[in-house]
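I opened a fresh notebook page for this one and will jot down what I look up as I go. Come along and keep the picture beside you.

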Amino acid sequence: MNKTEYFEFAENFFSECLETSKKKNADYTGANQDPFSNFRSVEVLGIKTEQGFLTRMMDKMKRISSFVENGQLLVKDESVKDTLQDLANYSCLMSGFIESEKKRESR
């Protein structure tokens, strides 16, 4: 893959991430306008929202690690690319959450 091919791949990858994020956010938050509401739900257990993000990200990291170690994933309806896109989406969501909290605190 050359640079041009990589950036075309990256554009498609992130475009797919955005579409998946929109769909999953609708599934997990329903009509709630807070895009982080499902992540905030851990607070009732005394867990910080950021730790909830990190837990979900670690789940994805462990799955990727299993792929690297074994060269395959047994659950076939989620590819390694899907898992990496979920990780990218969790990173974006956490970044958005942190930014949102900064703005809320500065008011």
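**Entry 1: a term I need.** I call it a salt bridge when a side-chain nitrogen of Lys or Arg is within 4 Å of a carboxyl oxygen of Asp or Glu. I also remind myself that this is a predicted model.

**Entry 2: a first pair.** I tried the term out on K22 and E19, which form a salt bridge with their closest N and O atoms 3.7 Å apart. Where do K22 and E19 lie? I found both in helix α1, which covers residues 3-29, and they are 3 residues apart, about one turn of the helix. I noted E19 as partly exposed, at 39% relative accessibility.

**Entry 3: the overall fold.** I stepped back to look at the protein chain as a whole. How many helices and strands does the protein chain have? I count 4 helices and 0 strands, and along the sequence the pattern reads α-α-α-α. The C-alpha trace spans about 45 × 30 × 25 Å along its principal axes.

**Entry 4: inside and outside.** The protein chain has 107 residues, and buried ones make up 27% of them. I looked up the exposed surface too: it comes to about 7900 Å², with 55% of that supplied by carbon and sulfur atoms. Then I turned to contacts in the protein chain with a separation of 6 or more, and residues 24 or more positions apart account for 55% of these.

**Entry 5: charges.** I find 16 positive and 18 negative charges in the protein chain. How far apart are their mean positions? The answer I wrote down is 3 Å.

**Entry 6: back to salt bridges.** The count for the model comes to 9 salt bridges. I picked K24 and D86, whose side chains meet in one of them at 3.0 Å, N to O. K24 lies in helix α1 and D86 in helix α4 (residues 80-105), so this pair ties together parts that are 62 residues apart in sequence. Is each partner buried or exposed? K24 is partly exposed, with a relative accessible area of 35%, whereas D86 counts as buried at 6% relative accessibility.

**Entry 7: D86 again.** I met D86 a second time, since its side chain and that of K60 also meet in a salt bridge, 3.0 Å from N to O. K60 sits in helix α3 (residues 49-70) and D86 in helix α4, so the pair ties together parts that are 26 residues apart in sequence. K60 is buried, with a relative accessible area of 13%. Which residues do the shared partners join into one network? My list reads K24, K60, R63, E78 and D86.

**Entry 8: cysteines.** I searched for disulfides and the count comes to 0. Why does C17 not bond to C92? A disulfide needs two cysteine sulfur atoms within 2.5 Å, and the sulfur of C17 is 8.8 Å from that of C92, its closest cysteine sulfur, so they are too far for a bond. Going the other way, the closest cysteine sulfur to that of C92 is in C17. Their surroundings are worth a note as well: C17 is buried, with a relative accessible area of 3%, while C92 is exposed, with 56%.

**Entry 9: what I take away.** My page now holds a chain with the pattern α-α-α-α, a network of salt bridges that includes D86, and a disulfide count of 0.

Note on methods. Residues numbered from 1 in each chain as written. Predicted model: local features only at pLDDT ≥ 70, side-chain atom pairs only at ≥ 80, totals over all residues. Heavy atoms only, no water. Helix = DSSP H or I, 4+ residues; strand = E, 2+ residues; numbered from the N terminus. Buried < 20%, exposed > 50% of the residue type's maximum accessible area, 1.4 Å probe, protein only. Contact = heavy atoms within 4.5 Å. Areas by Shrake-Rupley, 256 points an atom, 1.4 Å probe, with all protein chains shown as cover. Lys, Arg positive; Asp, Glu negative; His and termini not counted. Charge placed at Lys NZ, Arg CZ, Asp CG, Glu CD.
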